[in-house]
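Trainee: I should like to request a close look at a single part of this model, with its setting described in one connected account.

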Amino acid sequence: MTLLIKNGHLIDPSSGIDKISDILIKNKKIFEIKENIKSDNEKIIDASGLIITPGLIDMHVHLREPGQEHKETIKTGSQAAAAGGFTSIACMPNTSPVNDHSGVTKYIISKAKKIASVNIFPIAALSIGQKGKSLTEIADLIDAGAVAFSDDGMPVYNSQLMRRALEYAKEMNTLIIDHCEDLDLSSNGVMNEGYYSYLLGLNGIPDYSEEVMVARNIILAEKTNSRIHLAHMSTKGSVELIRAAKKKGVAVTSEVTPHHLFLDDSMLTDYSTHLKVNPPIRSKEDNESLIEAAAQGIIDVFATDHAPHSPDEKEVEFNEAPFGINGLETAVSLILDKLVNKKIISLNRFTEMFSCNPAKILNLKNKGKIKIGADADLTIIDTEKKITVDVNKFLSKSRNNPFHNWKLKGAPVMTIVGGKVIYSSLNPVK
Ligand SMILES: [Zn+2]
C-alpha cells in the first residue's frame, strides 16, 4: 500500500527537519522525503498549509480494559486516541486484573492487534498487585511486550523496593515510572491544599506530598545511576527539584498534563467533579512554573493521564467522586491554542514533547521521527482550525472532561498509522 502526502510542512527536531516537502509511504514505512515527488498510482493527500509531525505518542493512558469496560475499552480508547492525533499510546497497569503478569500483557497486546487502530504499548505493574511489596517478573513482562514499569495510581512507598526496581530496570534497559505522592501527607485530601481548600471546606493535598517523593526518586535514581520517569508533575517545587537534578546529570525525565498547565484551584468553586484529579489541579503559580519548565526543556513530555470514568461515578458529591480526567481528545488542541499559537513554545518543542521524547524515553524504535525507513506514523495538524470542545462528540466511552465548550485554535486533522489513515476530518483522501 502506498500513500503520497503533498506539500505539508514537516517538523521533526530529532532529524532536524523543518520544511515544506512531500512524503511517500510504502509498505508501512517512510520511503521518500523530497519536493515534488511524481507519482500516479498512490492515494494522494494534499497537506498544503498543514503541519506534519511524527505520530504523536501519549505515554500515560488508562484504557480500563480488562475489568472496567463500562468506562473505556481498548477499542474506544484507541479510537479516542486516533481522533486526538495520537498514533501510539502507552497504557497503565491498574486494570482488573492488574497487569502484573505476562498473561495480562499478552492479552492487551493481542486484543490491541485485533481491534485497535493505534499502536498500544502496555506498561506493566512494578509490584505484584500494585501493592508495593514485591517486584513483578520484570524480564518475563518485557518478553511479553511491556515497555515500562509503574504502579501508577499508587506511589511506590517502599524506598528499598524502588531502589531494587531501579537497579533491575537499569540492567534490563527498561524504564521505571513513578506516581510521586506521600499518601500520609495527602491523607484524605481531595483537592490542592491552600486558600481554596479552606474556602470550600474540602480536605487538601499539599504540594509537598508530591515533592517529597520527587526528591526521594531523584536521590534513588542518582544513587543507582538509573533512569526514572516522573508521571504528571503538578507543582513548582517539583519543577525546581527536577531542574537541579538535571543540572547535576541525574537521568530524570518527567511529564505534565494539559489540565495541570491550564487549570487552577480557583476554578473549583462550583465543586465540579470534572476537576477532581490526582495530583490535584494546583495554583496559578504552579501553572506558570510548569509552562516555563515545558518551554525550557526541564519537563520532557506532554501526557494526558487519560482517566475515563462513567457519568454515574462522577455525578456524585465532590468527596465521593473518583479522581481522573478524560484527556485524549483535547490535549493537542489545548497545547496548540495555549502554548504554540501564543508563541510560548515552538512547533519544534511541541513535537519533541508529544513525539520525539516519549519515543526516546520508552525506547520505541522507529517511532517519533520523520526519516526514511521509520514507521509511517504521522499526525497532520491545522494550527488555524477553530474548534469548540464538545464532550458529547468524544469517541471515548466517557465524558469526564473539564474543557467542554472551550473554544480553541489548532487541532489534529489526520492521524496515520503504518501508512494507513485511521482518522481524518479533512476532505476524503483522493
Ligand atoms: Zn498517577
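The exchange below concerns the metal site and the salt bridges that follow it along the chain.

Trainee: Which residues are the protein donors of the zinc ion, and what spacing do the donors follow along the chain? Please continue from there to the salt bridges of helix α8.

Mentor: The model is a predicted one. Its zinc ion has D152 (OD), H179 (ND1) and H232 (NE2) as protein donors, at 2.0 to 2.3 Å from the ion. Along the chain, these donors follow the spacing D-x26-H-x52-H. D152 sits in the loop between β9 (148-150) and α4 (159-172), while H232 sits in the loop between β13 (228-230) and α8 (236-248), so this pair ties together parts that are 80 residues apart in sequence. Both D152 and H232 are buried.

The loop that carries H232 leads to helix α8, and K236 of that helix takes us to the charged pairs. Side chains of opposite charge can pair when their charged atoms come close. K236 forms a salt bridge with E285, with 3.0 Å between the closest N and O atoms. Because K236 belongs to helix α8 and E285 to helix α10 (residues 284-296), the contact ties together parts that are 49 residues apart in sequence. K236 is partly exposed, at a relative accessible area of 35%, and E285 is likewise partly exposed, at 48%.

A second salt bridge of helix α8 involves K246, whose side chain meets that of D300 at 2.6 Å, N to O. Here D300 lies in the loop between α10 and β15 (301-302) and K246 in helix α8, so that distant parts of the chain, 54 residues apart, are linked. The relative accessibility of D300 is 10%, and this residue therefore counts as buried, the limit being under 20%. K246, at 24%, counts as partly exposed.

Beyond helix α8, K409 forms a salt bridge with E384, the closest N and O atoms being 3.5 Å apart. This pair connects strand β17 (residues 407-417), which holds K409, with strand β16 (residues 378-388), which holds E384; the two residues are 25 apart. K409 has 28% relative accessibility and counts as partly exposed. Elsewhere, K29, K367, D375 and D377 are linked in a network of salt bridges. A search of the whole structure finds 20 salt bridges, among them K236 with E285 and D300 with K246.

Note on methods. Residues are numbered from 1 along each chain as its sequence is written. This is a predicted model: local features need pLDDT of at least 70, side-chain atom pairs count only at pLDDT 80 or more; totals for chains, interfaces and linings use all residues. Side-chain values use heavy atoms; hydrogens and water are left out. Donors are N, O and S atoms within 2.8 Å of the metal (3.2 Å for Na, K and Ca); water is not among the atoms, so sites may look incomplete. Helices (H or I, at least four residues) and strands (E, at least two) are DSSP runs, numbered from the N terminus. Buried means under 20% relative accessible area, exposed over 50%, partly exposed in between (1.4 Å probe, protein chains only). A salt bridge is a side-chain nitrogen of Lys or Arg within 4 Å of a carboxyl oxygen of Asp or Glu.
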